[in-house]
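Colleague: Please take me through this structure question by question, and state the cut-offs as each term comes up.

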Amino acid sequence: MAERAFSRSIDRVSDVYRFAEEIFESDDIAQDVRFPIHLALEELFVNLVTYNEGAERDINIDVATHDGGVTVTITDYDAQDFDVTQSRDVDVKATLEERKPGGLGLHLIQHMVDHLEYDYRSGRSKIRFTKERQ
Amino acid sequence: MFEILFGDEGEVICRGRLDAAQSEKAESFFGSLSGASVVDFEELEYISSAGLAILLKTQKRLSESGAALKIVNVNKHIHDIFRYSGFTAIFEIETK
């Protein structure tokens, strides 16, 4: 298990990736697990940075591996209440003319990770997700 | 690391990881396309919703003049993302 704090900037996305990838390399995690975890990490980190304007505190990321699977916990102590487990209104069957760019991030996470939990208390948002070995 | 450039046959070559931090570079390049284009994902390892939004925006813009993007050499993981996003119905896609 490893934990690191990241400042609130979209540019830190590559540092978040490298942090997780180093753990996956050392624990020999399969690509089928790594890919959805990297995607969920980026989408959630970017959401917290983008939609919590005025927030200053770092975002904490904890990565734990277990039997070939991975559990990530993202804690933001400076967040607004936004339940990432709720379904979003994205019509992926719409025609090209009807489709609007954006809004796919949470939709993808909800389909690609195995467990997704959200807890919010007094400005502290905790998101935990898991991808099991295939 | 993300690179985007034209190949020898005019195709758009994407390399590396197209994440939110790289989306500005991709958006600028795709915004310069004015006609039907083949986009080669042979060396693209990863894409997130930021990259998907650029592809969709480009496809919508090109469709107004009857043109479209064709995305080739897509890896299994990116194809899963395309499938969950409904992109397999609105783009011509070829897997590796």
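## Strands, core and contact

Colleague: How many bridges join β3(A) to strand β5 (residues 124-131) of chain A?

Modeller: Helices (H or I, at least four residues) and strands (E, at least two) are DSSP runs numbered from the N terminus, and two strands pair if DSSP finds at least two bridges between them. A:D76 stands opposite A:S125 in β5(A). The two strands run antiparallel, and the number of bridges that join β3(A) to β5(A) is 7.

Colleague: What pLDDT do local features need here?

Modeller: Residues are numbered from 1 along each chain as its sequence is written, while chains are lettered from A and ligands numbered from 1 in the order in which they are written. This is a predicted model, in which side-chain atom pairs count only at pLDDT 80 or more and totals for chains, interfaces and linings use all residues, whereas local features need a pLDDT of at least 70.

Colleague: What is the mean pLDDT of chain B?

Modeller: For the complex, the predictor gives an ipTM of 0.94 and a pTM of 0.95. The pLDDT expresses the predictor's confidence in each residue, from 0 to 100. In chain B, 100% of the residues reach 70 or more, and the mean pLDDT is 97.

Colleague: What is the radius of gyration of chain A?

Modeller: Chain A has 3 helices and 5 strands, in the order β-α-α-β-β-α-β-β from the N terminus. The globule rule (2.2 Å times the number of residues to the power 0.38, with the radius of gyration taken over C-alpha atoms) gives 14 Å for 134 residues, so chain A is as compact as a globular protein of that length, its own radius of gyration being close to that at 15 Å.

Colleague: Which strand is joined to strand β2 (residues 59-66) of chain A by 8 bridges?

Modeller: A:D62, for example, has A:T73 in β3(A) as its bridge partner. The two strands run antiparallel, and the strand joined to β2(A) by 8 bridges is β3(A), residues 69-76.

Colleague: Which residue in the hairpin of β2(A) and β3(A) takes a positive phi?

Modeller: Most residues other than glycine have a negative phi. The hairpin has 2 residues between its strands, and the residue in question is in the loop between β2 and β3 of chain A. With 6 C-beta neighbours inside 10 Å it counts as exposed, the cut-offs being 20 or more other C-beta atoms within 10 Å for buried, 12 or fewer for exposed and partly exposed in between, with C-beta atoms placed from the backbone. Its phi is about 50° although it is not a glycine, and its name is A:D67.

Colleague: Which element gives the largest share of the largest nonpolar core?

Modeller: A nonpolar core is a set of buried Ala, Val, Leu, Ile, Met, Phe, Trp, Tyr and Cys residues joined through C-beta atoms within 7 Å. Of the 59 residues in the largest one, A:A40, A:L41, A:L44, A:F45 and A:V72 touch the most other members. The largest share of this core, 11 residues, comes from α2(A).

Colleague: How many of the 9 residues of helix α3 (residues 104-112) of chain A are buried?

Modeller: What covers the buried residues of α3(A) includes α2 (31-51) and β4 (115-121) of chain A, together with α2 and α3 of chain B. Among those buried residues are A:L104, A:H107 and A:M112. The helix is mostly covered, and the number of buried residues is 7.

Colleague: Which helix supplies the largest share of the side of chain B that touches chain A?

Modeller: Contact here requires C-beta atoms, placed from the backbone, to lie within 7 Å, and the contact takes 19 residues from chain B and 21 residues from chain A. Helices α2 (49-63) and α3 (76-85) of chain B each supply at least two residues of that side of chain B. The largest share, 8 residues, comes from α2(B).

Colleague: Is B:V12 buried or exposed?

Modeller: B:V12 is found in strand β2 (residues 12-18) of chain B. Leaving out residues up to four places away in sequence, B:V12 touches B:I4, B:F6, B:S37, B:V39 and B:D40. B:V12 has 20 C-beta neighbours inside 10 Å and therefore counts as buried.

Definitions and conventions: Two residues are in contact if their C-beta atoms, placed from the backbone, lie within 7 Å.
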